[in-house]
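Trainee: I am new to this structure. Can you walk me through how to read it?
Mentor: Gladly. Have a look first, then ask.

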Amino acid sequence: MRIAKLETYVLEARLEKPILFGIGPYAAFTATLVELTTDDGITGVGECIARRAPRVTDTVLRDLLWPVVQGRDPRDAGGIWDDEMRLLRGWGHYRGFVQEAMSGVDQALWDIVAQAQGVPLYKALGGAGRDRVPVYGSSVYIADLDTMQSETREQVEKGHVALKMKCGRSADLGGFRMDIESVRAVREAAGPGVEIGIDVNGAYDAATAIRFCDAIERHDITFLEEPVYPDDIDGYEQIRRHTTIGLACGESEFGVFGFRELLRRRAVDIIQPDVARVGGFTAGMRVSALVHAHNVRYAPHTGFSCGVAQLASLHLAAAVSGLWKAEWMWIDNPLAELFTEPLPKATKGVVAVPRRPGLGLELDKKKIAKYRLT
Ligand SMILES: [Mg+2]
């Protein structure tokens, strides 16, 4: 079995009204999909996170990675990952777009392996073997407090037992003082039994984050996500030593190496790799071993990714050590439903993982064509 063909799909769906969060407005969903086909006719698919300029990822796939992948046996996915890294690291390309493109390739390879074995992808990974994955609903975005409360009530009524809200308002929206008010409002709307995580998207400095934690600890918050820039590990350590709220991060981190220092320094309690950025299933499972060794929790991230990464993330969650919950998005994302049937839905905070071989759902090429840039 050899990889014989590469196809890529660069997708974009523009929003009428941008979504507001700590980094700024988000106006268009984008993704780059990779399709690999073997000489015996099995096709696997993967998604590269592409929050900006998805054509860049497409070029990385075609010009840098395809020469490494072409003609290889997909069952050697770990070795292919190492070879891609070896080729690129020496030239300084060991993070960013390159790892995001590697993520899509790796997902497609594992999709093929699982189909060839006739098992769902999470079984091919040889991991924990969960056929149902606990999830947290995401996210209550920054808005006026009435809107945030009504959205919270609506999602709790739908059965979510854990949810995430966004903080990190800019000064003109009231800054971190208004964030504190919004946490009180969301807790009041959710009631006492629901777990709440707060995502700041790196909008604070460590001192502000500590003041924020002091003010919201009484609202029984499960985790605080990305309170400071992802590369401010000293900041994470400083906040961690001052609060009982668990810290979470990892959506912006690359490869197994990115998590090594965060965990060695005990800077975080919940790590959130994104299967479409961290380096696919191969890196996701290597990070799983680190999670196991450090006795922290794993909560795979999806965010604004399209449906392929959301589905892949469920399979990763089904396989990893130390799973807390996977992120399950309720937002209206035009690129989520790209299959011939709907993505699996959350029921009472749990999602059943598809049982058919590989990822388990088939891409709908008509839907893909609608959003395709190149
Ligand atoms: Mg986040």
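Mentor: Remember that this is a predicted model. Start with a right-handed β-α-β unit, made by β7, helix α8 (residues 233-240) and β8.

Trainee: What does the chain do after β8, and through which helix does it cross?

Mentor: From β8 the chain passes through helix α9 (residues 255-264) to β9. This β-α-β crossover is right-handed.

Trainee: In which sense do β7 and β8 run, and how many bridges join them?

Mentor: Strand β7 (residues 223-225) and strand β8 (residues 246-249) run parallel, joined by three bridges. To find a pair by eye, start at Glu225, whose bridge partner in β8 is Ala248.

Trainee: And which residue is the bridge partner of Ala248 in β9?

Mentor: In β9 that partner is Ile270. Strand β9 (residues 270-271) and β8 pair in the parallel sense, over two bridges.

Trainee: Let us turn to another sheet. What is the order of the strands in the open sheet of three?

Mentor: Read a sheet from one side to the other. Here the order is β1-β2-β3, and the pairing is antiparallel.

Trainee: Why is one side of β1 and of β3 left without a neighbour in the sheet?

Mentor: Count partners for each strand. β1 (3-21) and β3 (43-49) stand at the edges and have a single partner strand each, so one side of each lacks a neighbour in the sheet. Neighbouring strands in this sheet are turned against each other by 20° on average, direction ignored.

Trainee: How many bridges does β1 form with β2?

Mentor: β1 pairs with strand β2 (residues 24-38) over 14 bridges, in the antiparallel sense. Try tracing one: Val10 has Thr32 as its bridge partner in β2.

Trainee: Which helix lies across β2 and β3?

Mentor: Helix α11 (residues 307-319) does, running at about 105° to β3.

Trainee: Now step back. How many helices and strands are there in the protein?

Mentor: The protein has 12 helices and 12 strands. Its radius of gyration is 20 Å, close to the 21 Å from the globule rule for 374 residues, so the protein is as compact as a globular protein of that length. The C-alpha trace spans about 60 × 40 × 35 Å along its principal axes.

Trainee: What share of the residues count as buried?

Mentor: Burial depends on how many neighbours surround a residue: 20 or more other C-beta atoms within 10 Å of its own make it buried. Of the 374 residues, 52% count as buried.

Trainee: And what share of contacts join residues at least 24 apart?

Mentor: Take the contacts between residues at least 6 apart in sequence. Of these, 75% join residues at least 24 apart.

Conventions
Residues numbered from 1 in each chain as written. Predicted model: local features only at pLDDT ≥ 70, side-chain atom pairs only at ≥ 80, totals over all residues. Pairing = 2+ DSSP bridges. Helix = DSSP H or I, 4+ residues; strand = E, 2+ residues; numbered from the N terminus. Axes fitted to C-alpha atoms, helices over the stretch in contact; angles between N-to-C directions. Contact = placed C-beta atoms within 7 Å. Rg over C-alpha atoms; globule rule 2.2 N^0.38 Å. Buried ≥ 20, exposed ≤ 12 C-beta atoms within 10 Å, placed from the backbone. Right-handed = clockwise from strand over helix to strand, strands pointing away.
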